[in-house]
Amino acid sequence: MPLFDHIGELRRRLTVIIVALLFASIVLWFWAPSLILLLVQPITEYLTESKEAITAIDELSKVLITLNPLDGFALKFKVAFVFALVVCSPIWIWQLLGFFLPALKPNERKWVIPTFVAMVALFVTGMLFCYFIILDAAFSWLIDQNIDFSQVLANAKDYINTILLFEVAFGIAFELPLVVFYLTVFRIVPHKKLRQNWRTIYIVLMVICAMVTPDANPITMILMFAAMAVLYEGSLLLSRIVLARRIAKEKREEDEDEEDDDEDEDSLAETDGEDKD
């Protein structure tokens with residue numbers, strides 16, 4: 001398509017995404033208090049000294065505080081928007097893939113549906129992993145850094161923003177397998193090079209984990225690195241299975257090239273020996 005047709009197509013798809021997210025956010029805004037209660041469930045024991053679980057909104061309102069009249073509306077809309085991202089993830093992911101679909105070759109388009117399903121599944125899995133495993137460990141360490149010299153007040157804005165940052169960061173980080181898989185599928189980086197340079201890649205993953213996690217918690221970074229390392233190895237295994245024929249063919253070609261080089265060196269050595277004689 002001409003350039004302006006591409007721009008028009010992009011504008012149409014962005015409009016669909018924005019309308020879907022805005023509509024879902026408005027609807028979810030009315031359930032925002034219940035969603036906030038759901039968000040803080042993994043860390044309720046760190047909100048009060050009694051360490052009792054908070055199961056109702058009226059109980060939550062007794063421990064969370066706001067310092068600004070505008071915080072309530074802003075937090076409710078932010079929570080509604082993040083949940084809208086999750087609910088509408090099939091829509092915005094499909095629209096993004098649909099924009100690049102015309103640029104793909106016919107044999108590449110067979111990967112669109114599996115990619116769509118994988119992107120949605122990995123994004124949601126990352127957020128669930130953060131919710132059930134990371135939040136408790138992260139807040140346990142963070143709160144322990146304060147109790148020796150200060151009292152921690154449960155500021156609703158700070159707590160909820162931190163939780164949302166964790167959730168979104170892990171949702172995005174769990175897309176790593178797709179990046180690795182398509183780097184090998186589209187021959188951008190050979191599978192062999194990724195396999196051989198695993199030490200360097202692990203260091204890069206550690207740096208990414210340190211940058212992505214919203215706190216300086218070593219426990220959080222270690223847990224995220226462990227998850228990303230498992231996902232990385234799984235993506236390499238999957239790409240090796242899918243590209244088994246290509247990898248075997250490349251290996252045969254490398255072996256043949258090495259044999260040819262050895263033969264050339266032998267013939268050259270023989271020629272040098274004859275010249276000396």
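In this report a residue is called buried when its relative accessible area is under 20%, exposed when that value is over 50%, and partly exposed in between, with a 1.4 Å probe and protein chains only. By that definition F73 is exposed, because its relative accessible area is 54%. The model is a predicted one, in which local features need pLDDT of at least 70 and side-chain atom pairs count only at pLDDT 80 or more, whereas totals for chains, interfaces and linings use all residues. Residues are numbered from 1 along each chain as its sequence is written, and side-chain values use heavy atoms, with hydrogens and water left out.

## Overall architecture

The protein has 12 helices and 0 strands, where helices (H or I, at least four residues) and strands (E, at least two) are DSSP runs numbered from the N terminus. Of the 277 residues in the protein, 36% are buried. Among contacts with a separation of 6 or more, 75% are between residues 24 or more positions apart, a contact being defined by heavy atoms within 4.5 Å. The accessible surface of the protein comes to about 17100 Å², and 66% of that surface belongs to carbon and sulfur atoms; these areas come from the Shrake-Rupley method with a 1.4 Å probe, and for residues only the protein chains shown count as cover.

## Helix 1 and its surroundings

Helix 1 has 27 residues that should span 39 Å at 1.5 Å a residue, and its end C-alpha atoms are 38 Å apart, which agrees; the expected span is 1.5 Å times one less than the number of residues. The buried residues of this helix are E9, R13, I17, A20, L21, A24, S25 and L28. What covers them includes helix 2 (32-39), helix 4 (71-87) and helix 5 (89-100).

Helix 1 also contributes to a nonpolar patch on the surface, formed by L22, F23, I26, V27, F30, W31, F73, F77 and F81, with about 960 Å² of accessible area together. Patches are made of residues with over 30% relative accessible area and no salt bridge, like charges being joined within 9 Å and nonpolar side chains (Val, Leu, Ile, Met, Phe, Trp, Tyr) within 5 Å. Helix 1 and helix 4 each supply at least two residues of the patch, and helix 1 gives the most, with 4 residues. The exposed residue F73, named at the start, has its place in helix 4.

## Salt bridges

The structure holds 3 salt bridges, each being a side-chain nitrogen of Lys or Arg within 4 Å of a carboxyl oxygen of Asp or Glu. They are listed below with their N to O distances.

| Pair | N to O distance |
|---|---|
| E9 and R12 | 3.1 Å |
| R13 and E9 | 2.7 Å |
| E233 and R195 | 2.9 Å |

The pair E233 and R195 joins helix 11 to helix 9 (residues 191-196), so this salt bridge ties together parts that are 38 residues apart in sequence. E233 is partly exposed, with a relative accessible area of 26%, and R195 is likewise partly exposed, at 33% relative accessibility. Elsewhere, salt bridges that share partners join E9, R12 and R13 into one network.

Within that network, E9 and R12 are 3 residues apart in helix 1 (residues 3-29), a separation of about one helical turn, while R13 and E9 are 4 residues apart in helix 1, again about one turn of the helix. An α-helix has 3.6 residues a turn, so residues three or four places apart point the same way. E9 is buried, with a relative accessible area of 19%, and R13 and E9 are both buried, whereas R12 counts as partly exposed at 43% relative accessibility.

## The loop at L243

L243 lies in the loop between helix 11 (218-242) and helix 12 (244-276), and L243 is buried, with a relative accessible area of 9%. When residues up to four places away in sequence are not counted, L243 touches T184 and V185. The C-alpha atoms of L243 and T184 are separated by 8.6 Å, although the two residues are 59 residues apart along the chain.

T184 lies in helix 8 (residues 176-185) and counts as buried, at 4% relative accessibility. A polar atom of the T184 side chain lies 2.6 Å from the backbone oxygen of F181.

Terms used
A polar contact is a pair of N or O atoms within 3.5 Å; within protein, one must be able to donate a hydrogen and the other to accept it, and residues adjacent in sequence count only if both atoms are side-chain atoms.
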